[in-house]
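Welcome, and take a moment to look over the structure below. The text that follows walks through its overall build, its sheets and some of its charged side chains.

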Amino acid sequence: MTDLFVSHAGRDRSWAEWVAWELQEAGYDVELDLWDWEVGENFVEKMRDALEHAERMIALFSAAYFEPERHTSPELTAYLSDRGPARKRILPVRIENVTPPLLYRPLLSVDLFGVPEDEARRRMLAAVRGRQRPDGRPEFPGSGRPRPQQASGPRLPGSLPPVWNVPPRNTAFTGRDRMIVDLREGLLTGSPVVAQALEGMGGVGKTQLAIEYAYRFANEYELVWWIASEQPDLIAEQFAALAVAARVAPAEGDVTAAVTAALALLRSHDRALLIFDNAESREDVRRWLPGGPAHVLVTSRNSLWTGVARPIGVDVFARSESIALLRANLPRSSDEDVDRLAEAVGDLPLAVAQAADLLAETGMSVESYLSGLAEHAADLLANDPPPAGYPVPLAAAVTVAARRLAAADPAAGQLLILCAYLAPEPIPLDLFRDPPAGLLPDELAAAGGGGVALDRAAARLTRYGLARNASGGLQLHRLTQAVLRDTDPNAEAQRTTVESLLVAGRLDDGTDPTHWPRWTQLLPHILACDPANSDNSSLHWLAFSAIWHLLARGDARTAFPLAEHLHATWTRRYGADNSSTLSAATALAYAHGELGDHGQARRLDEDTAARYKRIFGEDHLNTLISTNNLAADYRQEGRYEQARRLNEETLSRIGGIVGDDHPETLRTANDLATNLASLGEFQQARDLHEDTLARRRQILGVDHPQSLVSANNLAVALYGMGEYELARQLDEDTLTRRRRVLGDDHPYTLSSASNLASDLRALGDHAQARRFEEDTLVRRRRILGDAHPDTLSAAAKVVGDLRQLGEDEPAQRLEDEMSGWRS
């Protein structure tokens, strides 16, 4: 058993350490997670053991202690729920002026805040000892005897050290609790590198984080000194000022001697904190590191700190942190408006603070702010004065840094501007490597021509806090991009360059799985160029390929709104007969079909086929492809004979135009064979599927999605002929390949799994069929929704399997549930 377990919120670590230290000095056996729990241990088990083995629990009541997402409330509840004869006592200690929730208000507490350290210590120890009569005669108060010396330990939280020059604390500081605790842990590791570097892009609140750390743990230090490091030539003067404040050098003495004295003091001081704010590089800080036990904290936009400090990436706010800050300033705004505001500013702390200040000051509506942000971000983000704790508004920070970057490295400056016209997602650097001649400015073209020059230019962007490394490329914050675009006099030329770069990076039509990772990278940047409102036909084709990439991956839900937007916009701008409009109609029809709306798919394809026929004639490839799409719609609607006639007519024409091995010829042959199977002509279907499969495997490879389509459909024909074992073997092989190539949740993979379940039923293995079909049902419900025809089909098959296995009750429950899905 231990005497006391200290329960606290992570934000209140300094109070927890002070309380535990004082209790330990007073002779109590204390358990504190920060001191006694090792990294890698099971947190839940340690918590349980601590609550079981402690005689009493000290609960440090603060606003953070009662936040619902923390573990502290369960600790308190667990103690309160102990109703046994040896019920344990809770000792509530308020460390700030907080009103506990109603459940805990009857507990008598002691206040440690707002009083001198000696009084706080006295109150706490008196609460732990409990009320008791003195053992002997109390000492006469006027004796004048000195109070016994306390052991060296932390001072009362909230008290500042005698040597201190940290800027004022931001009273609106929000969140970052976990990061501050991690920072404290890093400084306490005792490793040779005790310096920690808070690095990140401009506006993420690195300086604010350092200031908050200094105030939150001020009681742990006897010396805390802040050094403005943006101008390295002025650092020596600030070290001299430290020496004077610490009384190790005279005020009028030599600067060099004072610096030497300050460094000597820091090397021997184990309760000192040195903060270098806004350092540009490790070289600017390296020579000033004192060595020894002193803690060193650096804030910087530069991420390169190898050999000098442990870098700690500071990113944008979590959404909950953005909302907390906005809520504090805009209490009357709706939850939806606050969330939209946080989303629009990308959770960038400086931008969140600026928005909160501006809306609170002017009474501007959230809607007006969002409109202004979309139209002229640079003006809106230039509001002066900046929020409390920030030196300049966001627009000024971005434009000044961009000018300095362009002056220091023209190639990096050109790279930055082009990246501003892409999406705020990771940008692959190889877009800028070996581009078509004359496309890029000379300096950037030279950097992208080979070697590491382009990588060095990209590193400059991160060093200036204008971007961060992400997935092997660069990522700019959306507001940084908006400010750069708004202040760029050559916007139209930059957009044209970016469009050309993306078009040059197109690898295929989007359907080859080997290129899918690349399409995933490019898709957000293609959309950022707004193909719907561009007159660049090459960009239109790039957008089509991106949509077909999504459809090939089975993501029709994402592809549908993109295709719908392109089709509607181009119909309005160019008319229904425009080639881009017709291509968008084809993609939109396919997406409708994949989402189960076969009637709408057919209507679109009928209109598109008629237009192609009128514009190009019956034998044009576009006409034949569109006619084949229409045949597929007929088949999905159960109009098999009509679909067959269209397929046969299309196949006879298309082969003579592009050849028997052309992908579109093979697609038409596959569709015709599928229709034959639907009409019960299984032998003909089998022969045509076998020929198509052989051709596709030879041309595309065994694992290509189109080869797997043919294999799947051949298995269906074999099943129709009663060749159940052959169908099972082929379906098992196809399912294995589709899982590997397309993934477990792809609609085609699920189709193979359902087909395999049918084979197993036909072979009498209903239990195994049920397992495959139930898994298919779960995935289809999640991906396609309950009302999709494929989902309902899988559910009906599961019902059949359950009844075949004698499980009528769960079968009936599923049938009853399905009735609600259809509605």
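A residue is called buried under 20% relative accessible area, exposed over 50%, and partly exposed in between (1.4 Å probe, protein chains only). R122, at 47% relative accessibility, therefore counts as partly exposed. Please keep in mind that this is a predicted model, in which local features need pLDDT of at least 70 and side-chain atom pairs count only at pLDDT 80 or more, while totals for chains, interfaces and linings use all residues. Residues are numbered from 1 along each chain as its sequence is written, and side-chain values use heavy atoms, with hydrogens and water left out.

**The chain as a whole**

The C-alpha trace of the chain spans about 115 × 75 × 50 Å along its principal axes. Of the 823 residues in the chain, 51% are buried. The chain exposes about 37600 Å², and carbon and sulfur atoms supply 50% of that area; accessible areas come from the Shrake-Rupley method with a 1.4 Å probe, and for residues only the protein chains shown count as cover.

Contact here means heavy atoms within 4.5 Å. Among the contacts in the chain with a separation of 6 or more, 67% are between residues 24 or more positions apart. Distance in space can be followed too: A767 lies in helix α34 (residues 766-784), and its C-alpha atom is separated by 64 Å from that of N97, 670 residues apart along the chain. A767 is partly exposed, with a relative accessible area of 32%.

**Helices, strands and two sheets**

Helices (H or I, at least four residues) and strands (E, at least two) are DSSP runs, numbered from the N terminus. The chain has 36 helices and 14 strands. Two strands pair if DSSP finds at least two bridges between them.

In what order do the six strands of the open sheet with parallel pairing stand? The order is β6-β8-β9-β10-β7-β11. Its edge strands, β6 (163-164) and β11 (310-313), each pair on one side only. Within this sheet, β7 (residues 195-199) and β10 (residues 295-300) run parallel and are joined by five bridges. L198 stands opposite T299 in β10.

Another open sheet has three strands in the order β12-β14-β13, with antiparallel pairing. At its edges stand β12 (427-428) and β13 (468-470), each with a single partner strand, so one side of each is left without a neighbour in the sheet. Two bridges join β12 to β14 (residues 473-475), and these strands run antiparallel. P428 stands opposite G473 in β14.

**Salt bridges**

A salt bridge is a side-chain nitrogen of Lys or Arg within 4 Å of a carboxyl oxygen of Asp or Glu. By this rule the count comes to 65 salt bridges. Three examples are listed here.

| Pair | Closest N and O atoms |
|---|---|
| R122 and E119 | 2.7 Å |
| D177 and R216 | 3.4 Å |
| E664 and R667 | 3.0 Å |

D177 lies in helix α6 (residues 177-187) and R216 in helix α7 (residues 206-216), so this pair ties together parts that are 39 residues apart in sequence. D177 is buried, with a relative accessible area of 15%, and R216 is buried at 9% relative accessibility.

The other two pairs each sit inside one helix. R122 and E119 both lie in helix α5 (residues 117-129), three residues apart, about one turn of the helix. E119 is partly exposed, with a relative accessible area of 24%. E664 and R667 both lie in helix α29 (residues 663-678), and they too are three residues apart, about one turn of the helix. E664 is buried, with a relative accessible area of 18%. Salt bridges that share partners also join R13, E17, R184, E185 and E220 into one network.

**A buried arginine without a salt bridge**

R738 is found in helix α32 (residues 724-741). What is the nearest side chain of opposite charge to R738? It is D731, 7.0 Å away, and R738 is buried yet has no salt bridge. For charges, Lys and Arg count as positive and Asp and Glu as negative; His and the chain ends are not counted.

The side chain of R738 does reach the backbone oxygen of Y748, at 2.9 Å. Leaving aside its neighbours within four places in sequence, R738 is in contact with L708, V709, N712, G743, Y748, T749 and S752.

Notes. Polar contact = N/O pair within 3.5 Å; in protein donor to acceptor, adjacent residues only side chain to side chain.
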